[in-house]
Amino acid sequence: MEQKNGLQTANVRNKEKWVYDSSVDHKGRVPLRSSTGVWKASLFIIAIEFSERLSYFGIATSLILYLTKVIHQDLKTAARSVNYWAGFTTLMALFGGFFADAYLGRFNAVLLSSLVYLLALVLLTLSWFAPSLRACDADVCSEPRKVHEIIFFLAIYLIAVGTGGHKPSLESFGADQFDDDHSEERKKKMSYFNWWNFGLCCGLLLGVTVIVYVQDHVNWGVADIILTMVMAFSLLIFIIGRPVYRYRKPTGSPLTPMLQVLVAAIAKRNLPYPSSSSELYEVPKSQKNQGQGRLLCHTEKLKFLDKAAILENEGDSIENQSPWRLATVTKVEEMKLVLNVIPIWVSTLPFGICVAQASTFFIKQGTTLDRRMGNFLIPPATIYSLAAIGMIMSVTIYEKILVPVLRRATGNERGIKILQRIGIGMLFSIATMVVAGLVEKKRLNVVDKEGSSRSMSVFWLAPQFIIIGIGDGFTLVGLQEYFYDQVPDSMRSLGIALYLSVIGAANFLSSVLITIVDHFTEKGGKSWIGKDLNSSRLDNFYWLLAAITAANMCVYVALAKRYPYKNVQRSMAVADCDERSDAVSMA
């Protein structure tokens, strides 16, 4: 007995000293806990996220203004162009996340995509300063050169490609610095997503204030030079942090094991279910390799897939079984995780459509209002900073006040479940659209009386920006946690990409919705989306979005109540899993 206790004590000490979560250090060895990972590593990662968001939002929030003022697109075309670009940017993350998980590894994916990003910023700078690439030779262009349009769009779509590889890989790489099997590090990881978004919002805040001010009061080219220098410096910082990072080796295509489960389940569809889940095949923890990741408990949902883990002939050697004929319980459960994610992904799209309005119509509304603050003229895109301030307030209050109180009240490590947090933010998005509709209604009344809305302060837009920012602090952070935690461990970059694709797909849907609304309302006599804001009825459009999001909220609540969270196996046998206790820790 003493020998056994001594062995257990040694194992505990060993786990405290070394990190056994499938990660390696920069030399390919098992990481030493004291000198790698956690905040010492993630701060380097948050630093490069700060600079990337500074660049992205410095460009994205002013893009509709550049397209209307320099490229001379009308309002509808410019709004569609911004939505298509934003949609392409976030959907590219699916490809970036896939290649990071399967082939490149997350560190290499971040490094490569950052170089593409840097190249795009250099090209954007040249499109302003190179004489042959400039929009025109005059200060104000009546019509830009075609070559300028080509280079400009090439540069911003290269930024989209760079962001597609950078965003999912970097965020999941940061979360990889925390060991899920270590209680203290697991709690720190829950805080990581909050502080990640705090850094993101600080970058956004500077992007839509300092960078936008330079664009508005100096020129776009000088702003591009600043962004290029900041990105180059932060890339250097990221590389300097290399010795303290924990790395995950790429595991090959995550789609192959899922396809194997599906094929095996179909092949064994006529076999009877075993009387107990303990009869399903699983690799014992004692035989699990360091690189295989965590084992998952069996769940009762989607039982048809369980047939993939049924042993047909117990006398046959398991080593000789084809993976297309026999899958482990963990592989089956990973397939279930992916299928369970799909309805949640779809039900969050209306929230993403609401968020898309902040960087298009909300910004354009600001150009029609009085932007003076004393002798200072606020750039239209700078009003977006209020959304960042709302999100910073939301994240800070949630992390420092709500989480400790909710932990004591619920016994949940997160305070509340991930899907509950997401749902709270979705309620704020409904409120945003209602308030935005009321403000736009007032603005149109002023236009009817005075011929313009210049007498109305731009700060009338403050409530809708702050409310959507507070909602982002709940829903966007919650979606990041959800898509990182609730996908298979081998798909975590792809999981973050799925979160980003919510926003990307929502931008595309926003463009489609604008086209549909324009078509049907024009038949009724007057389009809600006119050539300019004063000839439009955006108030009706905002209220339509509020109604769509409210109806969708009912569907989301029903899905969230029935959602089975990832259930990690803590014991040696499948039958020993306690679904309630383990699922709560993951939720």
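This report describes the overall form of a predicted protein model and then the surroundings of several of its residues.

## Overall form

The secondary structure of this predicted model comes to 17 helices and four strands. With a radius of gyration of 26 Å, close to the 25 Å that the globule rule gives for 587 residues, the protein is as compact as a globular protein of that length. Measured out along the principal axes, the C-alpha trace spans about 85 × 50 × 45 Å.

Of the 587 residues, 57% are buried, and among the contacts between residues at least 6 apart in sequence, 81% join residues at least 24 apart. The protein exposes about 24,400 Å², of which carbon and sulfur atoms supply 64%. As for charge, the mean positions of the 60 positive and 49 negative charges are 2 Å apart.

## Helix 3: asparagine 83 and tyrosine 103

Helix 3, which covers residues 75-104, holds tyrosine 103, and asparagine 83 is found in helix 3 as well. Asparagine 83 has a relative accessible area of 0% and is therefore buried, the limit for that class being under 20%. When residues up to four places away in sequence are not counted, asparagine 83 touches Ala356, Thr360, Asn507, Phe508, Ser510, Ser511 and Ile514. One of these partners, alanine 356, is 273 residues away from asparagine 83 in sequence, while the two C-alpha atoms are 7.5 Å apart in space.

Tyrosine 103, by contrast, counts as partly exposed, because its relative accessibility of 49% falls between the 20% and 50% limits. Apart from neighbours within four places in sequence, tyrosine 103 is in contact with Phe98, Pro250 and Ser253. The C-alpha atom of tyrosine 103 is separated by 23 Å from that of valine 332, a residue 229 places away along the chain.

## The loop between helix 8 and helix 9

Threonine 328 has its place in the loop that runs between helix 8 (255-267) and helix 9 (329-347), and leucine 302 lies in the loop between these helices too. Threonine 328 is buried, with a relative accessible area of 14%. A polar atom of the threonine 328 side chain lies 3.2 Å from the backbone nitrogen of lysine 331. Beyond its neighbours within four places in sequence, threonine 328 is in contact with Tyr281, Glu282, Val283 and Ala309.

Leucine 302 is partly exposed, at 37% relative accessibility. Although leucine 302 is not a glycine, its phi is positive, at about 50 degrees.

## Valine 38 in helix 2

A positive phi is also found at valine 38, a residue other than glycine whose phi is near 55 degrees. Valine 38 lies in helix 2, which comprises residues 38-69, and it is buried, with a relative accessible area of 9%.

## Threonine 521 in helix 15

Threonine 521 belongs to helix 15, made up of residues 492-523, and counts as buried at 13% relative accessibility. The side chain of threonine 521 reaches the backbone oxygen of valine 517 at 2.5 Å, and a polar atom of this side chain also lies 3.0 Å from the backbone nitrogen of tryptophan 528. Tryptophan 528 appears again among the contacts of threonine 521 when neighbours within four places in sequence are left aside, together with Lys526 and Ser527.

## Aspartate 370 before strand 3

Aspartate 370 lies in the loop between helix 11 (361-366) and strand 3 (372-373). At 18% relative accessibility, aspartate 370 counts as buried, since the class takes in values under 20%. The side chain of aspartate 370 makes a polar contact, at 2.9 Å, with the side chain of arginine 372.

Not counting residues up to four places away in sequence, aspartate 370 touches Ser453, Arg454, Met456, Ser457 and Val458. Lysine 523 is 153 residues away from aspartate 370 along the chain, and the C-alpha atoms of these two residues are separated by 33 Å.

How values were computed:
Residues are numbered from 1 along each chain as its sequence is written. This is a predicted model: local features need pLDDT of at least 70, side-chain atom pairs count only at pLDDT 80 or more; totals for chains, interfaces and linings use all residues. Side-chain values use heavy atoms; hydrogens and water are left out. Helices (H or I, at least four residues) and strands (E, at least two) are DSSP runs, numbered from the N terminus. Buried means under 20% relative accessible area, exposed over 50%, partly exposed in between (1.4 Å probe, protein chains only). A polar contact is a pair of N or O atoms within 3.5 Å; within protein, one must be able to donate a hydrogen and the other to accept it, and residues adjacent in sequence count only if both atoms are side-chain atoms. Contact means heavy atoms within 4.5 Å. The radius of gyration is taken over C-alpha atoms; the globule rule is 2.2 Å times the number of residues to the power 0.38. Accessible areas come from the Shrake-Rupley method with a 1.4 Å probe; for residues, only the protein chains shown count as cover. Lys and Arg count as positive and Asp and Glu as negative; His and the chain ends are not counted. The place of a charge is taken as NZ of Lys, CZ of Arg, CG of Asp or CD of Glu.
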